Amino acid sequence: MAQTVKRWHRQVAARMALMAALLPLLPESSTGQTLTGEGQTLPAYDADQPFLPGPDGPALAPTEDPDANARYADGTEAAHVPEIAQRPPSVRITDSGTPPDGSPATLLADYLSLDADNRLTASGGVVIWYRGKRLVASRVIYDRETGSAVIEGPIHLTEPARAGTRQETIVIADSAQLEPNLQDGILQGARLVLAREMQMAARQMTRSEEGNVTRLDNVVASSCQICAENPIPLWEIRARTITHDARTRQLTFDRPQIRAFGTPLFSLPWLTAPDPTVDRMTGFLQPQFRTTSSLGFGIKLPYFITLGDHADITVTPYISASQTRTLELRYRQAFSNGAMEWNGAISRDDIKNNDTRGYLFGAARFELPRGYMLGFQLQTASNRAYLLDYDITDADRLWSGVTLDRIRRDRMMTARIGNYESLRDDEPDEMTPSVVADALWRRRWTPGRLGGIADLEWSLHAHRRSSDEDVLGRDMARGSVQLDWRRSAILPGGVMGAAQARLNADIYRIRQDSVYDDWVARADPAIAAELRWPLARHRGGVTHIVEPIAQVIWSPERDYDDDVPNEDSNLVEFDEGNLFSLSRFPGWDARESGLRANLGLGWTRIDPAGWSIGLTAGRVLRSGSDSAFEGSGPLSGNTSDWLLATHYSGANGLAIANRALFDDGFSISRNELRLGWYQPGLQVSAGYLWLDSDPREERFASVSELTTSGGWQLAEGWWATTETRYDFTADRAQKAELGLEYRNECITVEMSLERRFTSTDEVNAETRFDLGIRLGGFGQQKSGPGTVARRSCMR
């Protein structure tokens, strides 16, 4: 009988537009959450999301902040370019199953009656579906003459398709009465949540302007979870009224009072804030409290201004106890083919006796036709002390210029021209190259008759010093071409053989240096033969791979000291990556010459449990001493130092790598150890570097430095970070930092304590403490590291 009644109810409801009045109670973009345990929802956090983005499985964790700008080998730092939102598709396909406006709704109820006054009453487990929304109520009375509807609760309005997402919508009320337009009305005892975060409970909720404006009277708002046994939230806002405009996605508070743990803190005449669905909106951002030993206690209060959907500007005044007056600015703009960002500040403080100091960093990148990318960068600052005093960057060189590049599968083109500004005390501007230009074009192909792989490379370089002195003010320009060919084959017995030939040709123009000729042209051919014999063994699921390698190279011997000055190849690396290279110099000015042999042995063990270990050992033998390596260094003499590199990778996220260079007497000249441990609640990264003194590389004292960084989950919601850098040669720390963050569903507190120990004539040692507090529920917020503390409501 009950099934028959319900089917009859569906037929009656199909001819009515009753749900057109019920479902517009909430704007499309808002969601609801109660301030009591009934119907409570929580912000959506992905429990499986790692605290830091990283690859699956073990990897060496970075020793620097992953959010830091890229640092290049020349000491410069890449300025930040903003991320660009994905362009929406030009064609959108709507869901054909969504009924149009005015379409009938589906009604389920235990009882349905039509009285003499032409009023339709549905009662007993009323469930109404309309346009993807579901309303559950105890009783609905619809007056067909006036068009008004009275709904008796408890009323529960949801969107099942959006359940568990940030767009989920929930409204709970005791009762409701709608006006004849079937969209506006009054709800009594209403509870509303926006984006599953900001909860609001009011005695009365009124909707107007076709359902776009919602006003709550005598309301309390919070994004904290409320338990029935402990209804006092961590923080709350009590207001006479709160108005939510769905069109502007803005909340307006009338006479708000901010409370913490139920205790009033302060009151305001009015307050406006974005709702949790807003990504960008004009207004104040999270304030930052800062205390430094040089500037004292201060506060930063950024104000964000939107300039349409393609640009914005952030103005941040910074005031401290030592009377610093600083104004920071950030401007961002997106274009159809790129984006740009400008950051700058201007300050007057007591550190430099009220001297005006500042900086300006800007960067842009644009996509051009045919796959070309054009980039601009501008970096300038008063001095390095200013960049360190205001925690902008610790880069010791600035670069400004233009870049152009294009990369394809078989060819590459890159070019850049710009100006270097050195901030180092030991680098006078007139002695270091300031204007530097580079261009490189490279193509790889397979020759038809010879087989193998051929590679052709053209490069141009020029740099200029500001000094006019002889030798010290040397200017240079170079044009180079390199033709390389390599072919490999499998020989009898599983031996892999390879032949390689290379020709380098350069022409130099040298000015303001009487030691060298004005014009120098040279050509350097090289030929090489290589044999590899990979051997593998499988037993018990374990795989062992052993591979001995021998490579013989010949090129004419030459004395580069009498040829051209070495400007780009003074720092030479020797590792497993270039053990079998024809030349280990990083640039073009110097190349290895003579008869030499690169010998090496590799071993790898792969365990079925998911871990592996590998070892690479090698050495370079020469028929005679190469003048390019005369003096000290691991590659000097007839025999190089021994290279021993090992690595371990475990299934538990642990990775260890070590590379050592030592002579026949086991005296270590260089050693680098890196460790990374990646776990859902733990990240540890450490690196130790040892470099023996080498006057040829202008390193007159040994380097012994330890760098560590880590983050770990102390407890639910508590995430700690640490970073330190210790110089064993100077027997003192260079930098130490400790950070602590607490997050729950409604508040984020970030604290950091940092000490910089280095000091010079321009820069003093400094201690810095930062504090930031962010309330949840106002604007979209990105999830941070670690877990979120969730309040447990026990019934």
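**View 1. D607 and R605 pair up through their side chains.** The D607 and R605 side chains meet in a salt bridge, 2.9 Å from N to O. Salt bridge here means a side-chain nitrogen of Lys or Arg within 4 Å of a carboxyl oxygen of Asp or Glu. Both D607 and R605 are buried, a label for residues under 20% relative accessible area (exposed is over 50%, partly exposed in between; 1.4 Å probe, protein chains only). Elsewhere, salt bridges with shared partners tie R290, D391, E754, R756, E766, R768 and D770 into one network.

A word on what you're looking at: this is a predicted model, where local features need pLDDT of at least 70 and side-chain atom pairs count only at pLDDT 80 or more, while totals for chains, interfaces and linings use all residues. Residues are numbered from 1 along each chain as its sequence is written, and side-chain values use heavy atoms, with hydrogens and water left out.

**View 2. Here are two further salt bridges, K300 with E328 and R522 with D524**. A search of the whole structure turns up 47 salt bridges. In the K300–E328 bridge, the closest N and O atoms sit 2.9 Å apart. That pair links distant parts of the chain, with K300 in strand β17 (residues 296-300) and E328 in strand β20 (residues 325-335), 28 residues apart. Helices (H or I, at least four residues) and strands (E, at least two) are DSSP runs, numbered from the N terminus. K300 counts as buried because its relative accessible area is 10%. For R522 and D524, the closest N and O atoms are 4.0 Å apart, and both residues are buried.

**View 3. Y390 sits in a loop and is buried**. The loop in question runs between α3 (384-389) and β24 (397-407). Y390 has 3% relative accessibility, so it counts as buried. Leaving out residues up to four places away in sequence, Y390 touches R290, L295, Y318, T324, T326, S347, D349 and R357; contact means heavy atoms within 4.5 Å. Y390 and S347 are 43 residues apart along the chain, and their C-alpha atoms are separated by 9.7 Å.

**View 4. I242 belongs to the largest nonpolar core**. A nonpolar core is a set of buried Ala, Val, Leu, Ile, Met, Phe, Trp, Tyr and Cys residues joined through side-chain atoms within 4.5 Å. This one has 43 residues, and M198, M200, W235, I242, L251, F253 and F778 touch the most other members. At least three residues come from each of domain 1 (106-274) and domain 3 (712-794), with bounds taken from an automatic or database domain assignment. Beyond its neighbours within four places in sequence, I242 is in contact with M200, T214, R215, L216, V219, A221, L251, T252 and F253. Another core lies apart from it, with 13 residues including F574, F585, A590 and V620.

**View 5. F376 is part of a nonpolar surface patch**. Its partners there are V402, I417 and V435, and together the four have about 300 Å² of accessible area. Patches are made of residues with over 30% relative accessible area and no salt bridge, joining like charges within 9 Å and nonpolar side chains (Val, Leu, Ile, Met, Phe, Trp, Tyr) within 5 Å. Areas come from the Shrake-Rupley method with a 1.4 Å probe; for residues, only the protein chains shown count as cover. F376 lies in strand β23 (residues 373-381), and with 37% relative accessibility it counts as partly exposed.
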